[in-house]
Amino acid sequence: MFHFVVLATFLLFILPLYFFIFTKNKRICPKSSSGYVSKLPRSYPLIGSSLAIIANKGRYSQWFAEILSQCPTRTFVFHRALGKRQIVTANPSNVQHILKTKFSLYPKGDLVDFLGNGIFNADGANWKFGRQISSHEFNTKSLRKFVETVVDSELSNRLIPILSEAAANNSVLDLQDILQRFAFDNICKIAFGFDPEYLSPSLPQAAFAVAFEDAMRISSERFGYIFPVTWKLKRALNLGSEKQLKQAISQTREFAQNIVKEKKQELKDKSSLETVDLLSRIMNSGHSDDAFVIDMVISFIIAGRDTTSAALTWFFWLISCNFHVEKEILNEIMMENPKGSMYDEVKGMVYTHASLCESMRLYPPVPADTKEAAGDDVLPDGTVVKKGMRVTYHPYAMGRMENLWGKDWADFKPERWLERDESEGKLKFVGRDNFLYPVFQAGPRICLGKEMAFLQMKRVVAGVLRQFRVVPALGEAFQPVFISHLTSKMKGGFPVRIEVREGSKVNEL
Ligand code: HEM
């Protein structure tokens with residue numbers, strides 16, 4: 001036993017420390033044709049770059065962006081403990097290769113167990129099946145109409161009254177929390193026809209929402225383990241954070257199970273014409289296998305709740321410190337809809353659309369996405385991939401690459417997405433290649449809810465900004481910190497005060 005402890009101490013601490021102090025071992029990015037070589041986190045025998053992982057805890061997205069911006073091919077090979085390698089890339093050609101050209105060689109692997117076999121997590125035949133039936137249902141005109149009705153009612157009956165009250169009392173709200181509640185109610189109503197009333201004036205704690213949050217956080221924290229075997233052991237022995245994760249998963253699944261049970265009963269009682277939500281549509285089209293439907297429910301919640309709320313939280317912060325953008329958006333809202341009604345078409349809001357894209361460039365709701373190579377391969381930039389390696393493409397880093405966005409990449413500039421149409425004299429939105437801006441992913445797995453997300457976000461922006469100014473409660477010096485628990489968050493929330501805009505119609509609601 002004594003010998004084992006001595007050997008383990010030597011291998012785990014003394015040897016790495018020796019290399020840390022006495023060697024100049026610098027990892028390098030693959031050389032570009034220019035021959036430029038830049039520094040990567042130091043790597044040591046056994047523990048790889050674990051010391052750097054520990055040092056960058058809580059800022060992995062920023063750290064990867066810094067490293068990638070120095071790599072000539074915008075790709076680096078990350079050395080994890082026990083010789084494991086992970087490729088991280090911000091190179092659009094590689095992204096296209098992973099997400100489209102060699103799609104079947106880069107499945108998701110098994111990182112996020114609480115998502116089960118839902119569309120978000122599944123691979124192969126399971127994914128194809130989920131994608132096929134959902135994409136059909138996502139694309140109907142009637143769903144779009146339903147989304148509009150749900151969003152508008154949540155906006156006028158819940159969000160606007162809460163903001164009005166905060167304005168009247170000059171109280172501080174956590175806008176991130178409010179937007180998450182808004183998005184949670186919305187997605188539950190759209191996907192399941194069920195109203196959890198999570199956004200109500202008392203801002204109740206909902207056990208399911210907390211469990212869901214815990215499951216996301218603990219799953220994402222697995223990345224920070226130097227030896228993944230540690231969390232796997234904790235999982236096997238049902239200890240600590242893995243025990244908490246197990247409980248959170250079970251609560252999440254119980255919530256989803258109840259939704260499915262009630263939906264089944266409802267479908268028995270009602271005619272299919274009366275039920276318009278996504279789940280009823282899927283079940284009515286003949287898919288009612290419980291396990292499959294429960295996984296779908298969880299996938300829809302993760303897809304719909306955290307993404308739009310994260311996007312809007314950062315958007316409102318950026319608007320609060322970029323007055324010219326706020327002014328342009330207001331002009332557009334009033335021009336589109338001079339009578340000030342919230343419910344009109346938002347399709348023509350090109351400046352708002354550009355501002356949302358620009359905001360998600362800098363603060364993407366899904367900052368990184370990882371696949372697992374199913375075989376050996378070589379990426380277009382020459383990086384060698386071995387079977388079983390994790391391959392991550394990084395939208396957060398990609399939005400910050402000078403070679404992709406120019407010297408002014410750090411500026412919040414919706415104008416970079418706009419062009420003036422000379423014949424009509426109107427602004428025109430100019431989209432980017434999906435592989436350069438993979439904020440909604442790209443290729444066969446591109447986000448199914450993209451159109452629905454823009455529709456919701458634009459209606460919220462129009463509804464809120466027409467009547468209110470959102471002002472950071474901590475003043476102009478407020479510098480939020482970007483963190484990621486699979487989806488992104490503003491660390492500690494976004495405390496704001498709400499001011500009623502002069503001449504707005506808030507009192508008429
Ligand atoms: C700003 C809002 C949104 C962003 C940035 C976004 C982004 C993404 C991303 C990056 C993925 C790929 C995730 C992965 O494979 O790991 C994805 C997939 C997906 N999204 Fe979205 N999403 C948004 C809103 C929504 C909404 C509102 C829905 C509606 C329920 C939705 C439904 C889906 C679905 C079903 C998938 C799975 C597609 C597949 O794997 O085939 N998304 N989304």
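When I say two residues meet, I mean that they are in contact, with their C-beta atoms, placed from the backbone, within 7 Å. Keep that in mind for the helix pairs, and remember that we're looking at a predicted model.

Okay, helix 6 and helix 17 to start. On the helix 6 side, the residues in the contact are V147, E148, V151, D152, L155, I160 and L163, and they meet M452, L455, Q456, R459, V460, G463 and V464 in helix 17. Sorted by class, that contact holds nine nonpolar, two polar and three charged residues. As a general point, packed helices get described by the angle and the distance between their axes. Here helix 6, residues 141-169, has its axis within 10 Å of the helix 17 axis, and the two cross at roughly 35 degrees. The crossing is right-handed.

Now a second pair, helix 9 and helix 10. Helix 9 covers residues 228-237 and helix 10 covers residues 240-269; their axes come within 7 Å and cross at roughly 60 degrees. That angle is why we call helix 9 and helix 10 oblique to each other. Helix 9 passes helix 10 in a right-handed crossing. From helix 9 you've got W231, K234 and R235, meeting G240, S241 and E242 in helix 10. The class count for this contact is one nonpolar, two polar and three charged residues.

On to the ligand. Which residues come nearest to the ligand? Out of 23 around it, those are A303, T307, C447, G449 and A453. Helix 5 (124-138), helix 12 (290-320) and helix 17 (450-465) are the elements that each give two or more residues to that shell. Helix 12 has the largest share, with six residues. So we meet helix 17 again, both in the ligand shell and packed against helix 6. As for chemistry, the shell splits into 14 nonpolar, six polar and three charged residues.

Let's do the sheets. In general, strands in a sheet pair through backbone hydrogen bonds, parallel or antiparallel. One open sheet here has four strands in the order 1-2-7-4, and its pairing is mixed. Strand 1 (75-79) and strand 4 (369-372) sit at the edges with a single partner strand each, so each has one side without a neighbour in the sheet. Ignoring direction, neighbouring strands are turned by 25 degrees against each other on average. Strand 1 pairs with strand 2, residues 85-89, in the antiparallel sense over five bridges; if you want a spot to look at, F78 stands opposite Q86 in strand 2. Packed on this sheet is helix 4, residues 92-101, which touches strand 1, strand 2, strand 4 and strand 7 (390-393), and its direction makes about 120 degrees with that of strand 7.

There's also an open sheet of three strands, antiparallel, in the order 3-13-10. At its edges are strand 3 (173-174) and strand 10 (468-472); each has a single partner strand, so one side of each lacks a neighbour in the sheet. Strand 3 pairs with strand 13, residues 495-500, over two bridges, with D174 opposite P495.

Last stop, a hairpin. Strand 8, residues 418-421, and strand 9, residues 426-429, pair in the antiparallel sense over four bridges. L418 has F429 as its bridge partner. How many residues lie between the strands of this hairpin? Four, and G425 takes a positive phi near 70 degrees.

That's my tour, over to you.

Technical notes
Residues numbered from 1 in each chain as written. Predicted model: local features only at pLDDT ≥ 70, side-chain atom pairs only at ≥ 80, totals over all residues. Pairing = 2+ DSSP bridges. Near = placed C-beta within 6 Å. Nonpolar A, V, L, I, M, F, W, Y, C, P; charged D, E, K, R; others polar. Axes fitted to C-alpha atoms, helices over the stretch in contact; angles between N-to-C directions. Parallel < 35°, antiparallel > 145°, perpendicular 65-115°, else oblique. Left-handed = near helix turned anticlockwise from the far one by under 90°.
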